Amino acid sequence: MSERTLVLVKPDGVERGLIGEIVSRIEAKGYAIERLELLKARNDQLAAHYAEHEGKPFYPPLIDFMCSGPLVAIIASGEGVIAGFRSLAGATDPTAAAPGTIRGDLARDWGTKVQKNLVHGSDSPESAAREIAIWFPES
Ligand code: CMP
């Protein structure tokens, strides 16, 4: 069944000039790009997006990092895209992420407190609906 997911290219991906590479991998897999916007995240968007992580030790540096520069919000669609994009992204920890994945091939997280892992992808249909409403409220 076709579904939608919310992808973020995080500020490390934008700063390193990897927007095209990441979008290419999504398209090459056969998913469609429905919406794509370069924006500076507001605090209220990040607080809503990462609400489940509030109180964790990595939460404050994560919010600082996500505010540190522009990011790209994307709605991607296709059969199984929610799980499929998470496979493309690879494990959260860039060192553990398998070669062939976005994070395994491209993410560098040497010596930082927050995992600068280039991308975020929704983890369930419920998360996708919630996150799409945060970043594309009109859709
Ligand atoms: P993301 O998929 O955007 O969801 C939560 C983010 O928090 C995650 O990617 C990482 O960037 C970050 N994160 C998750 N776990 C940790 C951790 N143990 N230490 C630091 N950052 C983390």
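Modeller: Let's fix one term before we start: a residue is buried if 20 or more other C-beta atoms lie within 10 Å of its own, exposed if 12 or fewer, and partly exposed in between, with C-beta atoms placed from the backbone. This is a predicted model, where local features need pLDDT of at least 70 and side-chain atom pairs count only at pLDDT 80 or more, while totals for chains, interfaces and linings use all residues. Residues are numbered from 1 along each chain as its sequence is written.

Biologist: Fine. Why is Arg 86 called partly exposed?

Modeller: Arg 86 has 19 other C-beta atoms within 10 Å. Buried takes 20 or more and exposed takes 12 or fewer, so Arg 86 is partly exposed.

Biologist: And what makes Thr 92 partly exposed?

Modeller: Thr 92 has 13 C-beta neighbours inside 10 Å. Exposed stops at 12, so Thr 92 counts as partly exposed too.

Biologist: Where do Arg 86 and Thr 92 sit?

Modeller: Arg 86 is in helix H5, residues 81-89, and Thr 92 is in the loop between H5 and helix H6 (102-106). Helices (H or I, at least four residues) and strands (E, at least two) are DSSP runs, numbered from the N terminus.

Biologist: Which residues is Thr 92 in contact with, leaving aside neighbours within four places in sequence?

Modeller: Gln 115 and Asn 117. Contact means that the two C-beta atoms, placed from the backbone, lie within 7 Å. Under the same sequence filter, Arg 86 is in contact with Gly 121 and Asp 123.

Biologist: What does UniProt say about Arg 86 and Thr 92?

Modeller: An unreviewed entry has a "binding site" annotation covering Lys 10, Phe 58, Arg 86, Thr 92, Arg 103 and Asn 117. Positions are in the numbering used here, feature names are shortened, and annotations may be inferred rather than shown by experiment.

Biologist: Which residues touch the most other members of the largest nonpolar core?

Modeller: Val 7, Ala 76, Leu 118 and Val 119, out of 28 residues. A nonpolar core is a set of buried Ala, Val, Leu, Ile, Met, Phe, Trp, Tyr and Cys residues joined through C-beta atoms within 7 Å. Strand E3 (71-79) is among the elements giving two or more residues, and E3 gives the most, with six.

Biologist: Last one: how do you know how compact the protein is?

Modeller: Its radius of gyration, taken over C-alpha atoms, is set against a globule rule of 2.2 Å times the number of residues to the power 0.38. The value is 14 Å, close to the 14 Å given for 139 residues, so the protein is as compact as a globular protein of that length.
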